[in-house]
Amino acid sequence: MNRFHIYGAALLLFWSGMAQASTIQEASFANGVKLVVQEDHSAPVAMVQVWLKVGGRDEVPGKTGLAHVFEHMMFKGSDALKAGEYSKRIAAMGGRDNAFTSHDFTAYFETVPAKQVDTVLHMEAERFAHLSLRQKDFAKEIRVIMEERRMRTEDDPNSHMFEELSAAALRLHPYRNPVIGWMQDLEHLDISEVRAFYKQHYVARNATVVVVGDVDFKHLKHIVQKTFGAMPDVAVPPRFNPKEPEPLGAKRVEVHLPAKSPVLAITIPVPVWEPGHNDTQAAALAVATYMLSGGRSALLSQRLVKEQHKAFSVSAGYDPFGMGLDLWYAYGMLGNTQSASDLEAGLWSVMHELGTQKITPQRLQTAKRNIIASHIFAQDSLYLRAKTIGRMETVGIGAQHLDDWIQAIQSVTADDVHTVVQQFLQPKRATTGVLIPEVQS
Amino acid sequence: MRFYSPTSMFKQDKTPRHSRESGNLSSHTHWKILWLSAFAGMTKQLTLLSIPRVTKGGCLSYMLLILSLCFIPTAQATPNIQTATLNNGLRVLLVEAHNVPMVSMQLSMPAGSRFDPADKAGTSSMLADMLSDHTAQHNQQAWADALDAQAVRFGLSSSRDMLNASLTVVKDTLPAGLDILSEAILHPGWRSERFASLKSNNIAAAIKSEESANTLAAEATAKLLYGDAGYGHPVGGTAKSLQAIRMQDIQALYQAQVKPQGSVLAVSGDITLKELLPLLNARLATWQGKPKHPALQVADAPVLTAQQQHLALPTSQMLVQFSRLGIARSSHAFFPLFVMNHYLGGGGFSSKLMEEVREKRGLVYGVYSYFIPLAGTGPMVITLQTKASQAEQAIQVVRQVMQEMAEGTIDSQRLNAIKKNLTGSFAQRMDSNRERVGLLAMIGFYHMPLNYLQQWTHAVNAVTVADVQNIAHTYLHPDAWNIIQVGPLKEK
C-alpha cells in the first residue's frame, strides 16, 4: 500500500485555484431577470441555458405533469417561428438543443458555436415571450408524452416501484408526485390549462440566463438587457414549499408487477442545504452518504454485496440541493435466491454501523477528497458547469455559494456523521418499498 | 426531457432510475456518445497514410488545422494530437488541455467481446470486472481503499472490439493513477472467490435486465445478424452464457490479447508529452508482446434479410427494431452513409423519421437510426417504441420513409441543413477531456490518419444529393431489413 503516496490537502488547493480561474460573473436586470456567466476560452463553443423557477412542485392537484407538458410545448412554435422551426434553426447553426423539467425547475439549453450565442438569446427570448400554444399541436404532443411515460415508467417495473414509493413516503411535499405526471392526469389536461400555466409562470422574475464558454460577460449583459431584460416586470408569489410533517413511524409499500427479480428500497425525508443555517448537517449527510455508497470501498456494497452476498448491487443517494427536503434513498437489487428481508436487515445493520462505530480519519478524508474531486471532474463538461450554476440559482442557494459547500464538506467531523445518521437515517422515519415479481403467464 | 435517445443496441440497464427529473440526466451524454461512435467511425478510408512512428526522444506533433474555414473562433478549436510509441509498441496519443487541473485516459486493447469463446458470451466483460476488482498485490478491499484514498476514477469495460481501461485523476495524483492502471493490467490477481462472486452478480444482473425490451431486442438482433460469429452476442453475455465461463477462459483471453502492440493509450488533460512519457516508461516497460489475433481482422458475416421475430414481454408498448448489416470502419461508404443516417434518423429533430413518426403523427416519444462501424461489418438499426396497438402503423410509416429515400427522394434543403449541423457542431464534440479521450482511442485503435479531423469536415461537405441517393438505394430498401418486435403478443 505504501506505493500509493498520499497527496495531502492538494485537492482543496486545486479547487480554490480553479474557483479563481473560472470566476462566476452575475448581473441582475430591473424586471427581475438574472444573468450568470462563466467564461472559458479553451474552445470556441458555448452552452446557453435558460432556467425557470417553475417545475412539478408548482402544479395543482389533478394537473400533475403540466410543467413537463409545457416544456414540450416550448418547441411548438411562437410568433416568429412555426412548430419545430426553433430546433431546426439551432441545428443549422451547428447546435444542439433540448430541455429538462424537475420538481424544482425547468431549463432549456443549447450548445452552439460561440459566435451564435447572441442569436440564440434572441430566439430564446422571443419564444419565451410569444409562444403560440395551439390546440392542434397540444393534441399531438400529449400523445407523445404518454408514450414517454409508458417507456420510462409503465414498462419499467423498477421506475414504477420508485414512483409508488415516493408517493407513499410523503404527505404534503410535492416530491410525492412524478414530474412526468400520473397517466390519469395526463389524460385530462387541456390547452387552456397550459395557457394559464404559461401566463402565470413564464415571466421575467422567474428566469435566469446561464452562459458558460467562449463568451464575453460585458457583451452578454448588453444582449440580455435587450432581450430578456426588455420583458415586463410581473410580480411572482413565493413558490409552493409546504413543510412536510415529521414521520410518525415506519411505512411499507409492496408493488406487484411483471418483473424478473425483486428490488428493495428505503427512502427517508432528510434536510437539504440551507446556506448559513445547516451547513454542518447537510454536509455531514453528504459525507455519510458517500461513505455508504461512494467509490469502490463503499460500505453498503462492501458489506452486503461482497462480504454477505445479500444483493447483487446496492446504492444510496442524497441530493443536498433540493427545496424543502430530500428523499434520501438506498436500494438493493436482488437475485432470485436472495431474500428481501435479509437485505433489509442488512441495510439497517450497515447504517447502524456507520452511526455508531469509530470512523477512522483516513475514511473521513477519503470521503471528502472524493466529493471534492467529483466537483473538479464536473468542470470537464460545459453542460454540467452551466447546470450546477443554474440549479444553485433556481433553488435559491446561489451559484456563488458552491465554494461554501466545499468548505462545509471539508469541515465535517466523524461526530457530525454519527449525529446525522442517528438523527435521520432511522427505521422509524423510513418508507420501504419492495418490487415483488408477478408470475408471468 | 424533450428527447432522449436510448443507447446502443447492446445496452444493459442494471440499475433502476431514481431520478427526480422527468428527463434522464444522461440524455445529453447519449447523443454525444452516439455521435462520437459514428463520428469516430470514419477510419482508414480517408487516406492510407501510414502512422508515423516516433523515435524515442523525438516526439512529432501534428497540428490539425480543422475548422479554420468554418469558424472564426476566438478560442483555439484545434486539438493538437501528439503521438509517441513506447519501446514495447504501445501507441500513445495525447491532446493537451490546461483549463481544468485533471487528466483523463483510456487504454484500449484488442480484447473486446468479439473474442469471447463460442457459447461463453461475456468472457471479455468478466475479464474487465476481474482486472478492475483486485490485483496480485492487493486483495479487493485493499485495492478499493487504495483507489478511493487517491480519489482516482478507474475501471475497465468491454465493447465489441476493445477492452478499455479508463482513468481520470486530478492532476496531482497522476503518478498514483498510473501506478494503479499499470498494476491492474500487468499484475492480475485471479482470486477464485472473487471470480465466483462477480460471476454470480453478473448472472443476477443479466436476469434482471431481461425485464427490458431493449435488452431482449439487442440480443435477438445480434444473433440474427451475426449468428455464432464474434458480434453475435451481447457484450455483457446472457445468464446462460455467463454460467459457462470459467476462470481459465478469462485467463486465456488475457494471455492472448492483453498486449501492448495493437493497443492504444489515449490521453487528454493538464499534462505534456514530455511529462507523460517518463511516467509511462517507468511503469509499462515490462509489459511486452503482441496479440494472438490481430486487432482489426474479422471474417464477414453471411447476410440475412427480411427475417421477422416477435418476442413476448408483458409491456404496454411494442419495441420495434429494424436491422441489417452496415459497414466496417474501413469502408469507403462511411461519409455518404454517415450523412444519410443523419438525414434518416440520426439527427434528432432534424431527421426525417422523427418528423414523420413523432412530429406529424404523435406515435412515439423517440425514433432513431444508427450504424456502428466496427473492425468487421457493423450493424445498422432503426428503433422505436409505441403503444402496442400503434406498432403496425409505425412500422408502415418507417417503411414508407425508407422506400422513398431508396427510390431517390432526397430533399436538398434538408440535406444542406444536416451538413451544416454536422460541420458546425464539430468543435463541441471534443470540448471535454472525456470526449477527446474517446475520440483519440478510436483514431489510434482503428489506425485512422492523424489528420482525419481536418479531412472530416471536407468529407462531410463533399457528400452530394447523388451520393445520398446512391447510398440510400443500396441500404434502405425496406425488404432487405429484418424486424424484431418485443412486447405483448396480441393487442389490436
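**Exercise 1.** In this predicted model, find out in which sense strands S9 and S12 of chain B pair, and over how many bridges.

*Solution.* Start by locating the two strands: S9 covers residues 317-325 of chain B, and S12 covers residues 482-487 of chain B. Next, check the sense of the pairing, which is antiparallel, over five bridges. For one of the matched positions, look at B:Val320, whose bridge partner in S12(B) is B:Gln485.

**Exercise 2.** Place those strands in their sheet in chain B: what is the strand order, and which strands stand at the edges?

*Solution.* Walk across the open sheet of five strands and you get S8-S12-S9-S11-S10, with mixed pairing. Now look at the ends: S8 (308-312) and S10 (367-371) of chain B each have a single partner strand, so one side of each is left without a neighbour in the sheet. Going from one strand to the next, the twist averages 15 degrees.

**Exercise 3.** Which strands of that sheet does helix H11 of chain B touch?

*Solution.* Pick out H11 at residues 352-359 of chain B; this helix packs on the sheet and touches S10 and S11 (379-387) of chain B. Then compare directions: H11 makes about 155 degrees with S10(B). Helix H12 (residues 391-406) of chain B lies across S9, S11 and S12 of chain B, at about 30 degrees to S9(B).

**Exercise 4.** Over in chain A, how do strands S7 and S8 pair with S11: parallel or antiparallel?

*Solution.* Take S7 (residues 251-258) of chain A to begin with: S7 pairs with S11 (residues 431-438) of chain A in the parallel sense over eight bridges. Here A:Glu254 stands opposite A:Val434 in S11(A). Then turn to S8 (residues 263-270) of chain A, which pairs with S11(A) in the antiparallel sense over five bridges. A:Thr267 has A:Thr431 as its bridge partner in S11(A).

Technical notes. Residues are numbered from 1 along each chain as its sequence is written. Chains are lettered from A and ligands numbered from 1 in the order in which they are written. This is a predicted model: local features need pLDDT of at least 70, side-chain atom pairs count only at pLDDT 80 or more; totals for chains, interfaces and linings use all residues. Two strands pair if DSSP finds at least two bridges between them. Helices (H or I, at least four residues) and strands (E, at least two) are DSSP runs, numbered from the N terminus. Axes are lines fitted to C-alpha atoms, for helices over the stretch in contact, and angles run from 0 to 180 degrees between N-to-C directions. Two residues are in contact if their C-beta atoms, placed from the backbone, lie within 7 Å.
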